[in-house]
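New structure on the desk today, so I'm opening a fresh page. I'll jot down what I look up as I go.

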Amino acid sequence: MMAAIILVVSLVTLMMFFVSYCRSLTASSASHALSEEVRDVTGIASRASGHDFTRVMQLLQLCPDRPADRIGLRAVQLYYSFLGAAQSAISRMAPSFGSWSEMERASCAYFVAVVLDKRISLSREMLAQQSES
Amino acid sequence: MQPGSVELFIWYIGTALELAFVVCSIARKSFFAYFFLNLYMLLTVLADVARWLVLRKFGFSSEQYMGCYYYTDALLTVLLYVSLISLYSRVFGELRFAKHMRLAAVVLLLGTAGFSYAVVAHSESRLYTGSGFAYELSQNLYFVGIVLSYLLWGAVLKLRETRTRLVQIVLSLGLYFSAYAASYALYNVAPQYGVVRYAAGAIGCLLPLAWCITMLRYSEESRLVPAQLVAVPR
């Protein structure tokens, strides 16, 4: 009985810390202004929407990988899927949750767009270095 | 019974990640800024080596291995507790009550040790197994760790902390404590599932991995917008 209570409590805190961790990842990229060309390519003018996520992820696959982004990107992908599942399960009962999770999904999309921006500038630098040498 | 190849693989990965964190800290010139976290990781590597040597010499089911495992585990949990308190000191660094907080942390640690001793002393079955106290202290400190990391996270939000590294280190620690406690509880609730055997080891890899990412991705100067950390906008 005690073990079951500890399990439930620790799963609740685990979920809370997971959400907060992912929010800290997306918050760290919120102040980054997207370059003109990333805005053109992704169609994100000033604010992203949750629906942009899949498209930006597809664009990300076309760019060379940056190992430093990999794990953060996985965590945000997982968070996005979790939000999608929670949205379809809970938003009918609690409409305010739907708008909150949509906001969160939008911040996930913006995070991925920032990663795309960094990858593009890294590719640029690599090309420039190659052409110099 | 010997640990399987999957368990050994997870163990080696965990040790490599612990070393990687120390290397990342040194490379990013943050070793002394996060001294207790680095000390914890270094001692975890040493404990892993000691456990491996004892395992090779005496075997998995031996009393020597059990003793070595639980005593090093208790020592590491105390050090992780100290690391958590060092994070408190960083968060509350500019406030006047930092000194009182350290005193409270020592009192809480001694209280937990006293409580653990009392539990072991009243349990006849554990009294005669030498590692009973170490086991009990470890378990109780993990629970205290969850509560303290939850409170620290509350303080981070309240004080509108902007240091990205500090925020992510605190959150990783909270994730680790919660996941570890959940895995222990799951082991007690459903020991028949094979995956439960690997859970604790795999979770052990998460903390150094998350800290490595934080060290590599962000500099000490990285800042985030504190309002975006709050789940429900105020």
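First, my yardstick for touching: two residues are in contact if their C-beta atoms, placed from the backbone, lie within 7 Å. I tried that on Ala113(A): apart from neighbours within four places in sequence, Ala113(A) contacts Leu34(A), Val38(A), Thr42(A), Ile44(A), Ala48(A) and Val56(A).

Ground rules next. This is a predicted model, where local features need pLDDT of at least 70, side-chain atom pairs count only at pLDDT 80 or more, and totals for chains, interfaces and linings use all residues. Residues are numbered from 1 along each chain as its sequence is written, while chains are lettered from A and ligands numbered from 1 in the order in which they are written.

**Chain A**

I looked up the elements, which are DSSP runs numbered from the N terminus: helices are H or I with at least four residues, strands are E with at least two. Chain A has 5 helices and 0 strands. Then I checked the radius of gyration, taken over C-alpha atoms, against the globule rule of 2.2 Å times the number of residues to the power 0.38. Chain A has 18 Å, whereas a compact globule of 133 residues would be near 14 Å. The C-alpha box, along the principal axes, is roughly 70 × 30 × 25 Å.

For burial I count other C-beta atoms within 10 Å of a residue's own, placed from the backbone: 20 or more is buried, 12 or fewer is exposed, and in between is partly exposed. By that count, 33% of the 133 residues in chain A are buried. Of its contacts between residues at least 6 apart in sequence, 81% join residues at least 24 apart.

**Chain B**

Chain B has 8 helices and 0 strands. Its radius of gyration is 19 Å, close to the 17 Å from the globule rule for 234 residues, so chain B is as compact as a globular protein of that length. The C-alpha trace spans about 50 × 40 × 35 Å along its principal axes. Buried residues come to 34% of the 234.

I also picked out Ser5(B), which sits in helix α1 (residues 5–27) of chain B. Is Ser5(B) buried or exposed? It is exposed, because just 8 other C-beta atoms lie within 10 Å.

**A helix pair in chain B**

The axes of α2(B) (residues 35–58) and α3(B) (residues 63–91) come within 10 Å and cross at roughly 175°. Axes here are lines fitted to C-alpha atoms, for helices over the stretch in contact, with angles from 0 to 180 degrees between N-to-C directions. That angle makes α2(B) roughly antiparallel to α3(B), a label for angles over 145 degrees. Among the residues making this contact are Phe36(B) and Leu43(B) of α2(B), and Tyr65(B) and Leu76(B) of α3(B).

**Where the chains meet**

The contact takes 29 residues from chain B and 22 from chain A. On chain B's side, α6 (132–158), α7 (164–189) and α8 (195–217) each give two or more residues. Which of them gives the most? It's α7(B), with 15 residues.

Last, the largest nonpolar core, meaning a set of buried Ala, Val, Leu, Ile, Met, Phe, Trp, Tyr and Cys residues joined through C-beta atoms within 7 Å. It has 75 residues, and those with the most contacts inside it are Val112(A), Ala113(A), Val170(B) and Ala181(B). So my Ala113(A) turns up again, and α7(B) does too, giving the largest share of the core with 15 residues.

Note on methods. Parallel < 35°, antiparallel > 145°, perpendicular 65-115°, else oblique.
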